Amino acid sequence: MPEPDRSSLSAGRGLHRDGLKGWPDLWLLPGKPPHSPTASMAPPPPSPDRAPDQTLAFSDELLLRVLAYLPEPHLTASASLVCKRWMRLSGRLRRRLAVRDWAFVTHRLPYRFPDLAVLDLFPASIAAPAAPSRASPVLTCGAVSLTLDPGADPPLGACRFLADDVLDRGLAVVAARFPNLRRLSATAASESAGLMDIAGGCATLQELELHRCTDLALRPVSAFAHLQILRIVAASSPLYGTSEDGGVTDIGLTILAHGCKRLVKLELVGCEGSYDGIAAVGRCCAMLEELTIAEHRMDGGWLAALAFCGNLKTLRLQGCARIDDDPGPAEHLGACLTLESLQLHRCQLRDRHALHALFLVCEGARELLVQNCWGLEDDMFALAGLCRRVKFLSLEGCSLLTTRCLESVVTSWNDLQSLQVVACNKIKDEEITAALSELFCNLKELKWRPDNKSLLAASLVGTGMGKKGRVFFKRQILPGHQRVKGKVLNYPAGVAA
């Protein structure tokens, strides 16, 4: 084939440049190999002086021992991104994980992280809205962020959670592939198939956290033979869109008590019930040492049932709008003789009768902690004098408490060894008496920061800050200005310097 005249192509004015697109890209020239555009796009061969991967000489067991010295953030953020082999090995070292996609649970989780001991499935059980918009509000609770649908009623209802059969299939996969699981957080389904699989497959499970619980959902909990720590978040109709008769009542607490007799720690969030449910827990769970009741909706009289908890050491109330509407006569309350710590967090302490009953039941407590509680005035805190064995007192955010009431209570405790007062604005340093000062000298530990304003003023001594703006700036001489008899004279920068 003769070589085409390229000069005629370039000199031809009647032929447009775009017309050259139809010409073949392959030219057979004498003495030259054929040219292909695909061959030019191929990657270049590896350079002979490129350093080989030295870790290929290590066995998987040796490399696992090296990667085991890395802390958890570096193991997942850096080491797993080196290559596929490192990603596979670092997954074998991962012990705790929070999953946010339920499809990952059923397909990739057992292969990516085969030796998990702590697994959180609750974020993955929440289904996002079908078509979330940028203007949709976001509800954040702890480490979980949910996109709300303003057009739905309620905005976060039952439709926002995965179907029960989907949850059961995921729990069945976890039960079959993670026999050494120690802690699990999941969403309870109306059927008990998934939790029954977990109870049969994860024989060493010790800690369980169940969300959206009802009385029927607690039936398979009795199958966990070695369960020691249990956290129950009851199904709330405004949040989960359940019926009004949903949630955890005395029936669920009785089922729980007869099934989990080896419980050491129990947390009840948003649970209903009354005297019968708490009494069943106290009678059956003889090893119970820590009881946390948060945002409860219990009927009156449940405080008297705490006397059945014969081994209880810590009682914690969190976010309770009320303590007990009708605690009953004081002579029928009883007392927790083994109780060591009473903790009140973000509770309403406006009912004098209920607070008096609480201190009577917990009169043997050695530790008393009150943090960010409302309504704790002087006459309410004076009831704490019933607990005469207190060795540790911590007050934080008690803005209505005064120095006089604090002194009258703490001076009556002969065994007090540690005192912490933080952010109690009505307690003033200048109101400290000689008796209170002597008490401070005999304490083993003292943390005294009652007034934030006085603390700020003490920290700003010598800095020139913390004064009124007009007074502060009057005493400053700015570059390029000179104050003479109340007038400001402007000079060039060079003159002022």
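Leu-358 is a good place to start: leaving aside its neighbours within four places in sequence, this residue is in contact with Leu-303, Leu-315, Leu-317, Ile-323, Leu-342 and Leu-344. Keep in mind as you browse that this is a predicted model.

**The nonpolar cores**

Leu-358 belongs to the largest nonpolar core, which has 110 residues, and it is one of the four members that touch the most others, together with Leu-119, Phe-381 and Leu-393. The element that gives the most to this core is helix α13 (residues 352-361), with seven residues. There is also a second, separate core of seven residues, among them Leu-63, Leu-64, Ala-79 and Leu-93.

**Salt bridges**

Side chains of opposite charge can pair when their charged atoms come close. In this model the count comes to 10 salt bridges. Three of them are set out here.

| Pair | Closest N to O distance |
|---|---|
| Asp-165 and Arg-169 | 3.8 Å |
| Arg-183 and Glu-207 | 2.9 Å |
| Glu-209 and Arg-231 | 2.7 Å |

Take Asp-165 and Arg-169 to begin with. Both sit in helix α8 (residues 164-177), and because they are four residues apart there, about one helical turn separates them. Asp-165 has 43% relative accessibility, so it counts as partly exposed.

The bridge between Arg-183 and Glu-207 joins two strands. Arg-183 lies in strand β5 (residues 183-187) and Glu-207 in strand β6 (residues 207-213), so this pair ties together parts that are 24 residues apart in sequence. Arg-183 is partly exposed at 23% relative accessibility, and Glu-207 is partly exposed at 24%.

Strand β6 also holds Glu-209, whose partner Arg-231 is in strand β7 (residues 229-234); the two are 22 residues apart, and the pair links distant parts of the chain. Is Glu-209 buried or exposed? With 11% relative accessibility, Glu-209 counts as buried. Arg-231, at a relative accessible area of 25%, is partly exposed.

These strand residues also belong to a wider arrangement: Arg-183, Glu-207, Glu-209, Arg-231 and Glu-267 are linked in a network of salt bridges.

**How confident is the model?**

The protein chain has a mean pLDDT of 79, with 71% of its residues at 70 or more. Two stretches deserve a more careful eye. Over residues 6-30 pLDDT stays under 50, and the model has nine contacts beyond four places in sequence for them. Over residues 469-497 pLDDT again stays under 50, and here the model has 17 such contacts beyond four places in sequence.

How values were computed:
Residues are numbered from 1 along each chain as its sequence is written. This is a predicted model: local features need pLDDT of at least 70, side-chain atom pairs count only at pLDDT 80 or more; totals for chains, interfaces and linings use all residues. Side-chain values use heavy atoms; hydrogens and water are left out. pLDDT is the predictor's confidence in each residue, from 0 to 100. Contact means heavy atoms within 4.5 Å. A nonpolar core is a set of buried Ala, Val, Leu, Ile, Met, Phe, Trp, Tyr and Cys residues joined through side-chain atoms within 4.5 Å. Buried means under 20% relative accessible area, exposed over 50%, partly exposed in between (1.4 Å probe, protein chains only). A salt bridge is a side-chain nitrogen of Lys or Arg within 4 Å of a carboxyl oxygen of Asp or Glu.
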